[in-house]
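Hi everyone, thanks for coming along. I'd like to walk you through one chain today, so let's bring it up on the screen.

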Amino acid sequence: MAEFVMPSLGSDMTAGTLVLWRVEPGQLVQRGDIVAEVDTDKGVIEVEVFTSGRVEKLLVSEGAKVPVGTPLALIAEDGAPAAPPAPPPVAAPPVAAPPVAAPRSLHTPLAVAPPRLRISPSARRLARELGVDPSRLTGTGPGGAINREDVKRAATEPPGAAPAAPADDARARMRQAIARAMARSNREIPHYYVSHSMSFGAALGFLERVNAERPPPERLVYGVLLLRAIALCLHDFPELNARWENDALVVSPAIHIGMAISLREGGLVIPAIVDADQLSLDALMQRLRDLVERARRGQLRSSELSLGTITVTSLGERGVESVAGVIYPPQTAILGFGTPAPRPWVVDGQVVPRPVLHMTLAGDHRASDGHRGALFLAKLEKLLSEPGKL
């Protein structure tokens, strides 16, 4: 029997609130299925299961806040004998919260899909029993989730009654979480910074040629070239694709690039593109679109927030020349990119205008030094100067 536990979705997370069960006892699940939604300081996160089997028992009720590592459910792994059916947990009192804030895209044009109805199987079943249409309800759970109390209230209230107003200040909690993580970073991580400017004309020209033959939904953005080049570079600089844990460097065999995404209502999330080095430019573009779109809807997955091995921050839409980021602990590096802009550039002894990109690497000096950081940026420039090979 495997335990499904409250995951840690960041070094600063100590507890989470179970907002919604997506499964019920007796249901079969596969590794990677989303089985629950958890409210954290970073918003409501979809949590995947890493065991295939049958849900035997739900141990924590919706609305309960429990520490990281607390068993939430029992799952009989494939091949295990069936257990007697367990009664469903008693629903906890509703926790009112405002909708999850929507993020700003980095460089990606997006089409927003209709929101998914966020309701647990037990609440949906209760709605059927009471004759309530859940699509007409406004959830009062974190992130707007519909719980059993919402259904019961709708069954007794006269038509047109207003739902309970959300009270929780998710933005303030997210700000506090960012403050804790960044304060820890500046307190514990000895940063060094190396910066470099490069002519970005070859990359932009490549994109112009490629995109000229594509419809808008299939076009690439320059951020995808950056992601592809970074992923390839990291194979030669494993100390930048790592974590510093227990006074030791732990290199990650996989490359999961976290993208810093600012939210329209304030705050920041850093979901990761998993196995970024295994993806083509087109596949990276699809992942990036999907990631930002789901961040807007508050549907990020737990693995995307917990697996990041390096972070990229770009203020390309804000018009700044450069940005030097703060490392997200326990990672060992963060890359910052400014806005490509025309600048005077020397070519064959002549000053000519060129689009120039400024990039800055912040590294953990316990894991690497400035010399390696400089070599990394040099290789990054070489790859971006030959975009057709990416």
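Here's a warm-up for you: which residue in β11 does Glu245 stand opposite? It's Ala248. Keep in mind as we go that this is a predicted model.

Let's stay with that hairpin for a moment. Strand β10 covers residues 242–245, and β11 takes in residues 248–251. The two pair in the antiparallel sense, over four bridges. Two residues lie between the strands, and Asn246 has a positive phi there, near 55°. Now look at the faces of β10: Ala242 and Trp244 are on the covered one, while Arg243 and Glu245 are on the uncovered one.

Okay, zooming out. The chain has 390 residues, and 50% of them are buried. Its secondary structure comes to eight helices and 20 strands. Among contacts with a separation of 6 or more, 68% join residues 24 or more positions apart. As for the outside, the accessible surface is about 17,800 Å², with carbon and sulfur atoms contributing 54% of that.

And the inside? The largest nonpolar core has 76 residues, and the members touching the most others are Phe4, Phe376 and Leu380. Helix α5, residues 222–233, supplies the largest share of this core, with nine residues.

Let's click on Leu380. Beyond its neighbours within four places in sequence, Leu380 is in contact with Ala229, Ile230, Cys233, Phe337 and Met359. There is also a second, separate core of eight residues, including Ala123, Leu126, Leu137 and Ile146.

That's my tour, so over to you!

Conventions: Residues numbered from 1 in each chain as written. Predicted model: local features only at pLDDT ≥ 70, side-chain atom pairs only at ≥ 80, totals over all residues. Heavy atoms only, no water. Buried < 20%, exposed > 50% of the residue type's maximum accessible area, 1.4 Å probe, protein only. Contact = heavy atoms within 4.5 Å. Areas by Shrake-Rupley, 256 points an atom, 1.4 Å probe, with all protein chains shown as cover. Pairing = 2+ DSSP bridges. Core = buried A, V, L, I, M, F, W, Y, C linked by side-chain atoms within 4.5 Å.
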